[in-house]
Amino acid sequence: MRSLATSDRAAVRAISGAIARLSSRSRAREFLRIVHRMGADPAAIVPGVRDSPNFKNRRFEADEPSLRPRLRAQTSALLASIRVHGRGRPVGEVPRVRPVLPEQAGELAVTWYGHATTLLELDGARLLIDPVFGERVSPSNRLGPKRLHPVPGRIEDMPAVDVVLISHDHYDHLDVPSITALERTHQPHYVVPLGVNFHLMAWGVPEDRITPLDWRESTQVAGVQLTCTEARHNSGRGLVDSQTLWAGWAIHGPRHSAYYSGDSGTSKRFAHIGADLGPFDLTLLPIGAYDPYWPDLHLEPEQAVAAHRDVNRIGAVTEAVTADEAGVADEFIEGDQRIDTPGGAHEEGEATPTEREARTAAATSVMLPVHWATFNLAMHWWAEPMRRVRRAAEKAGVPLIAPRLGERVDLTEAEPDVMAAKYAQPWWKECSAEENSGYRDV
């Protein structure tokens, strides 16, 4: 069959040529968009981060390794994901409400927008954490994990945002369309782990509105002290791994405090963070996207509750802590070499050194579970993380709130146990698969 490009008719040949040129330009534009979304080139990042004591062997390294599965385990994970395709999706429309936000930020309030994206109001300052409002967490707008529910509210509809906090540069935590919208509407100050600043500058954010920090470095913005804390994870937006730092954040205002762990596997560092910087009025802890194939990278729900207790443990009160159910995070995967780190530092009998003395705050600090519901990034059932974390929190005596997407929670309204009871309705049941009923709703 003759190609259109070699047709005897000049008009057909002309149309064929035009289509080819348009197709070529379209592919070129898509390639440029992908390169743009990937951010700064690693070669441009390394000179700005290599003096960090945590940058070794041309990558950031923590004292607890976060090992990705090797080829054999990756193949097994791929086959497993094919077998359970669809398990991580809701079966109905996910309930959400349009956020109702005051013009003046409150004393201690939080609004969850989905996945890790959270708007925190603390002592009159408004902080937006890991803003991801785009449709896909991928360098491509055609491929990659797609949003499972609409965003409950737009960046443009938010009152003035003072600070944007980024935990690391993975696509589900750092989103180019969201940065573009923030620059168009708010022009906030960005506080980021070391190296992430180069991505922001590549996307047009002025350097003087970005503060990059290494682990345990601090800065003050809008009257709030922000401390970059350790996490057990990795980073990267391309083929090169961990050229930028990953982190959690301890957030202290004059009267209130909060802690966001970022992405992390189970770690002894949670207890150290609690000893040095805790306790906190509110913790934001990830409960989703866990899997035995990558046990070092994300917390399981029970481990998130253990982390909440760890960051709220102070001084010599460890004898009052009940045993964790977190177990060993680093299950051995054939072909990998991993260390075993139980979920929570004190299960190993390791004391947390500190000169501070204060009571344990885990029973009075509120926990908000994040990093679930919005993107299908693992092989567990969609609502499984919430079912498990509610059981673990009830057993551990941790006040846990479960607001609907977009629902603002003012934590100054009542005591933590009252707030936990107020936001305890299992709204996820109406859009969960029947097969996802293995955990009793509490």
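This passage describes helix 2, a histidine of helix 5 and a nonpolar surface patch in a predicted model.

Helix 2, which spans residues 42-49, has I45, V46 and V49 as its buried residues. When the helix is viewed down its axis, these buried residues fall within an arc of 105°, so they line one face of helix 2. An α-helix has 3.6 residues a turn, so residues three or four places apart point the same way. The buried residues of helix 2 pack against three elements, namely strand 1 (55-56), strand 2 (59-60) and helix 5 (196-202). At the N-terminal end of helix 2, D41 acts as a cap, with a side-chain oxygen placed 2.7 Å from the backbone nitrogen of A43.

Helix 5 contains H199, a residue that counts as buried because its relative accessible area is 2%, where the cut-off for buried is under 20%. The side chain of H199 is joined to that of D169 by a polar contact of 3.0 Å. When residues up to four places away in sequence are left out, the residues touched by H199 include I45, which is one of the buried residues of helix 2. H199 also touches M38, G39, A40, L174, R237 and T244, as well as its polar partner D169.

On the surface, F31, L32 and V35 make a nonpolar patch of about 310 Å². Of these patch residues, V35 is found in helix 1, which covers residues 10-38. V35 counts as partly exposed, because its relative accessibility is 39%, whereas H199 in helix 5 is buried.

Technical notes. Residues are numbered from 1 along each chain as its sequence is written. This is a predicted model: local features need pLDDT of at least 70, side-chain atom pairs count only at pLDDT 80 or more; totals for chains, interfaces and linings use all residues. Side-chain values use heavy atoms; hydrogens and water are left out. Buried means under 20% relative accessible area, exposed over 50%, partly exposed in between (1.4 Å probe, protein chains only). Helices (H or I, at least four residues) and strands (E, at least two) are DSSP runs, numbered from the N terminus. The arc is that of the directions from the helix axis to the C-beta atoms. Contact means heavy atoms within 4.5 Å. A polar contact is a pair of N or O atoms within 3.5 Å; within protein, one must be able to donate a hydrogen and the other to accept it, and residues adjacent in sequence count only if both atoms are side-chain atoms. Patches are made of residues with over 30% relative accessible area and no salt bridge: like charges are joined within 9 Å, nonpolar side chains (Val, Leu, Ile, Met, Phe, Trp, Tyr) within 5 Å. Accessible areas come from the Shrake-Rupley method with a 1.4 Å probe; for residues, only the protein chains shown count as cover. A salt bridge is a side-chain nitrogen of Lys or Arg within 4 Å of a carboxyl oxygen of Asp or Glu.
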